[in-house]
Amino acid sequence: MRTIGLIGGMSWESSAEYYRMLNEETRRRLGGHHCTKSVMVTVDFAEIEAMQRDGAWDRAGALLAQAAGSLERAGADLIVLCTNTMHQVADAIEGAVNVPFVHLVDATARRIAAAGLTTVGLLGTRFTMEMDFYRARMRGHGIDVLVPDEPDRTLVHDVIYQELTLGRVEPASREAYRRVIAGLAGRGAQGVILGCTEITLLVGQDDSPVPVFDSTRIHVEAALGLALAPDEAARTA
């Protein structure tokens, strides 16, 4: 098994989900006492969140690239960025290392395409929903993306930053998300991406009338697949 390098801390709640899911899936696949070989570097989310608000994406990219480099030096054979929003700076991270970077959007898009869907809704931070880095990469896989209209985009964003990233899971917010998901389905979304790693703490398939694509779990499964792949498959990933 190859060692997975995890860039975490955005937020630590979702990073804990990555760690839990990786080890549960490793045990499911390999059985016994197996767990995931991994190293993690945790950044201070307060610093990243301030850079997001200020639009300082180059600074954030440099910080996360430095984190990726430290993981490679620590023995990581592949890199996983444990957040959707900061894939805005994925190119900076990928360019800083010589090991594979497992791109969350690519993994999610492949899963959607395999399900035969061409139009999906996207829930995430305002940056993920409004900036083009996520939707453009999805379009490259032949998938169109719908996002909530205002004021629902603000609602979705605020629940993430004011509740989920602070460890709060509120029943009223779950009901609000269910309404937003139903609205996306009503506009033609054949499925919905949970495009923020914390959203999985709030809603899942039981809360949606259309298939839900949990980007966190999909990302974990893609990373573990690469970590367990034969040498030749890993070299060509």
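Visitor: Which residue forms a salt bridge with Glu150?

Guide: Arg153 does. This is a predicted model. In it, the closest N and O atoms of Arg153 and Glu150 are 3.8 Å apart.

Visitor: Is Arg153 buried or exposed?

Guide: Arg153 counts as buried, at 18% relative accessibility. The cut-off for buried is under 20%.

Visitor: And where does Glu150 fall, buried, exposed or partly exposed?

Guide: Glu150 is partly exposed, with a relative accessible area of 39%.

Visitor: New topic. How many salt bridges turn up in the whole structure?

Guide: A search finds 17.

Visitor: What does Glu25 pair with?

Guide: Arg29. Their side chains meet in a salt bridge, 2.8 Å from N to O. Both residues lie in helix 1, residues 12–30. They are four residues apart, about one turn of the helix.

Visitor: How accessible are Glu25 and Arg29?

Guide: Glu25 is buried, at 7% relative accessible area. Arg29 is partly exposed, at 35%.

Visitor: What about helix 9, which salt-bridge partners lie there?

Guide: Arg178 and Glu175 both lie in helix 9, which covers residues 171–186. They sit three residues apart, about one turn of the helix. Their closest N and O atoms are 2.3 Å apart.

Visitor: Are those two buried or exposed?

Guide: Neither. Arg178 counts as partly exposed at 31% relative accessibility. Glu175 is partly exposed too, with a relative accessible area of 46%.

Visitor: Back to Glu150 and Arg153. Which residues do shared salt-bridge partners join into one network?

Guide: Arg126, Glu130, Glu150 and Arg153.

Key: Residues are numbered from 1 along each chain as its sequence is written. This is a predicted model: local features need pLDDT of at least 70, side-chain atom pairs count only at pLDDT 80 or more; totals for chains, interfaces and linings use all residues. Side-chain values use heavy atoms; hydrogens and water are left out. A salt bridge is a side-chain nitrogen of Lys or Arg within 4 Å of a carboxyl oxygen of Asp or Glu. Helices (H or I, at least four residues) and strands (E, at least two) are DSSP runs, numbered from the N terminus. Buried means under 20% relative accessible area, exposed over 50%, partly exposed in between (1.4 Å probe, protein chains only).
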